[in-house]
Amino acid sequence: MRFNLPAAAVLAGLAGLIAAPASVLAKPLTVCTESSPDGFDVVQYNSLVTTNASADVIFNSLVAYDEAQKKVVPSLAEKWEVSSDGLSYTFHLRPNVAFQTTDYFKPTRPLNADDVLFTFNRMLDANNPWHQVAGPSGFPHAQSMGLPKLIKSITKVDDHTVRFDLNEPNATFLSILTMGFASIYSSEYADQLLKAGKQTDLNAKPIGTGPFVLKSYTKDAIIRYDANPSFWGTKPKVEKLIYEITPDASVRAQKVKTGECQIALSPKPQDVADAKGNKSLKVVETPAFMTAFVALNTQKKPLDNPKVREALNLAFDRATYLKTVFDNTATPANNPYPPNTWSYDKAISPYPYDPAQAKKLLADAGYPNGFQTTIWTRPNGSVLNPNPKVSAELLQADFAKIGVKADVKVIEWGELIKEAKQGQHDTLFMGWAGDNGDPDNYLTPLFSCNGVKSGINFARFCDPQLDKLIAEGKETADIAQRTKDYEAAQKIIHDQALWIPLGYPTAAAITRTDVSGYSVSPFGRQNFTTVSVQ
C-alpha cells in the first residue's frame, strides 16, 4: 500500500527520543524487517515498509478493514451513517480516546472532531499551513485517490461528530479510509509544532492513538517502541516492540534461527522451505493480495509505442522467472490484481513467451535492431521481489535475445521511489500490496490520470477512456456494474501492455515456536497487539 523531505531533516533528533511510561507486560518482541521507513508521517509516503512502521503501530484511522470478516469495521469512529444518496458520511467518534504522551508532547484533551478535520484538511486544502510540508509531490495517496476532487467539505457537527460531504457517490470511500494514509493525527500537537517552527518533527516524532509509542530510531539499524499505556483498544501483550532493520533476507532467516529475532518478515522462498523443517521455527503464510510487476514508462521513447511494450512482454520468460526467483511459490500474473479478487477477468489471455514474434513487433515499430534502455530495481529483497539482482539479470537476458540492450540500475529503495514518482525510470521492478479487497485499490492509484500526477502510476499512462471506466466503477455499489467497468479497464491495461506482470506471491513470515498470536496479512499490514512471546 507514503518521500520528499531530505533524510537528515526528516529524521533529525530521533536518537534523543524518550519513551512514554513503560507498562508492566511480558517479554519484548523483536521483528526483523527488510528496510528503513521513509519517515513516520505516513501521509507523505506510499511504501508498505513505512506503513508498517507508522500507521500499523503508532496510529489508528476512523475505520479499519477486518480481514477475517472481509468488511470495514469501527476504529476511532464507533459508528457511522451514509445518506441515501451516498453523498454524506457521518462519523461518530469513540469517546475518551487518548493521544500518546511523550517527553515532547502531553495532550490536554482526548481525540475530537478537530483532529479529524486537521488530518484531512492538511491533505486537501492547498492553503493549509501544513499542506506544503509534503513538498512538490504532495500527498501521494490522497492525490492518486482523487480526494481533493471527491470531498466537497468536512464539517465538525459537534466535538464527537464529523460529516464528510462528497461531490459524487463513491462506493470505495469507506475502504479508502482504512488505508494507512488516513491515520488520524493530533491537531493540538500539530499546532504546538507549527508555533515552534518545528513542522519536520511531525515526521520524526510522531504522536498517534495507536497501540505503540515510538521510543527511538536509528536509521538502517533499529526502531524501538513501547506499549502505549493509554491505548483505547486491547492492550498489547508485549511491553516492548523492536524492529531490527535487516536488509538481507538470508540474514533475517538466520537471526530468527538463533533467536535474535522472534519474527522474520519477507523471507526468501528457500528460507521458508528450510524453516518448515526446523522444529524451533514456525512458518505463517497466506495468499497475498499483491502483484509483482515491471512498469513500462509510456512517457519515455520508445516505450511510448504499444508495439514495443507488447514486444517486451512477449520476450519475457515468466516460467523461468517464477521458478528461479520465487521457487514457484508465486502464481503467474496476468491482470493488475490477483485472480481471487471479484471482477478479475479470466477471459484475458496472458502474453506468451514468443521472442520471434517480439522481434517482428520491434521491426514493425521501427526498431529492427532493438534499442537501449534501463532496468531499475532495488538492492534488497521483499515479498514482491525476493531476489532483485537475479530478477533484473533474467529480464536483461530476455531483452537481449530480441536485441534490446538494457543496463541494470540498482538504486536504494527510498531514492528509487522518489525518482520513479518523478518518471525518471524506463522499466521498473515494482510491486503493489492492496490495503483491502477492493479492485479499485489497484486501479485508481496505479492507472488513473490522478495516479500520474501523484507519481504512483508508474506506467505514467493517462487515457481518457481508461480513466472514465475507473471513475464509473466507483460511482455505484452495484458489484455487477462495477465488474463490467473493471473488466473493460483490465482489457485496456492488457492491450496497451502497460506492465510486464510477474507474479502473485504468497505472503509469509518465519517465527520462533515461542511466539503466539501472530498472523500474516494478505495486504502486508502488521498487527502486533495480539502477539506474545512465552
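# A guided tour from proline 501 outwards

Start by selecting proline 501, which, leaving aside its neighbours within four places in sequence, is in contact with Ala292, Phe293, Asn313, Phe316, Arg318, Ala333 and Asn334, contact being defined as heavy atoms within 4.5 Å. The model in your viewer is predicted, so that local features are reported only at pLDDT of at least 70 and side-chain atom pairs only at pLDDT 80 or more, while totals for chains, interfaces and linings use all residues. Residues are numbered from 1 along each chain as its sequence is written, and side-chain values use heavy atoms, with hydrogens and water left out.

Proline 501 is found in strand S18, residues 499-504; strands (E, at least two residues) and helices (H or I, at least four) are DSSP runs numbered from the N terminus. With a relative accessible area of 8%, proline 501 is buried, where buried means under 20% relative accessible area, exposed over 50%, and partly exposed in between, using a 1.4 Å probe and protein chains only. If you add aspartate 467 to the selection, you will find its C-alpha atom 20 Å from that of proline 501, the two residues being 34 apart along the chain.

Asn334, one of the contacts of proline 501, is also touched by histidine 494, along with Ile348, Ser349, Pro350 and Tyr351, not counting residues up to four places away in sequence. Histidine 494 lies in helix H19 and is buried, with a relative accessible area of 12%.

Stay on helix H19 (residues 479-495) and select aspartate 495 and lysine 491, which are four residues apart and thus separated by about one helical turn. Their side chains meet in a salt bridge at 2.6 Å, N to O, a salt bridge being a side-chain nitrogen of Lys or Arg within 4 Å of a carboxyl oxygen of Asp or Glu. Aspartate 495 counts as partly exposed at 38% relative accessibility, and lysine 491 as partly exposed at 48%. Elsewhere, Asp56, Asp435 and Arg525 are joined into one network by salt bridges that share partners. A search of the whole structure finds 18 salt bridges.

For another pair, go to helix H14 (residues 388-400), where glutamate 393 and lysine 389 are four residues apart, or about one helical turn. Here the closest N and O atoms of the salt bridge are 2.7 Å apart; glutamate 393 is partly exposed, with a relative accessible area of 37%, whereas lysine 389 is exposed at 56%. Next select lysine 401 and aspartate 398, whose salt bridge has its closest N and O atoms 4.0 Å apart. Lysine 401 is partly exposed, with a relative accessible area of 47%, while aspartate 398 counts as buried at 6% relative accessibility.

Turn now to the interior and select Phe91, Phe120, Phe164, Tyr225, Ile263, Tyr518 and Phe528, which touch the most other members of the largest nonpolar core, a set of 148 residues. Such a core is a set of buried Ala, Val, Leu, Ile, Met, Phe, Trp, Tyr and Cys residues joined through side-chain atoms within 4.5 Å. Around phenylalanine 164, and not counting residues up to four places away in sequence, the residues touched include Leu62, Leu87, Phe91, Val116, Phe120, Ile151 and Phe173. Apart from the largest core lies another, of five residues, among them Val256, Ala275, Leu281 and Ile510.

Which residues lie nearest the centre of the largest pocket? Select Asp56, Ala64, Tyr65, Gln526 and Asn527, which hold that place among the 34 lining residues. On a 1 Å grid over the protein atoms alone, a pocket is an open set of points where a 1.4 Å probe fits, with protein on both sides within 12 Å along at least five of seven lines, and lining residues have an atom within 4 Å of a point. The volume of the largest pocket is about 910 Å³, a volume being the space filled by probe spheres set on the grid points, which are joined across faces, edges and corners. Strand S2 (63-66) and strand S3 (71-74) each supply at least two lining residues, and the largest share, four residues, comes from S2.

Finish with the backbone. A cis peptide bond, with omega about 0°, joins lysine 301 and proline 302, and proline 302 has its place in the loop between strand S13 (290-296) and helix H11 (306-315). Serine 343, in the loop between strand S14 (331-332) and helix H13 (355-364), has a positive phi of about 85° although it is not a glycine.
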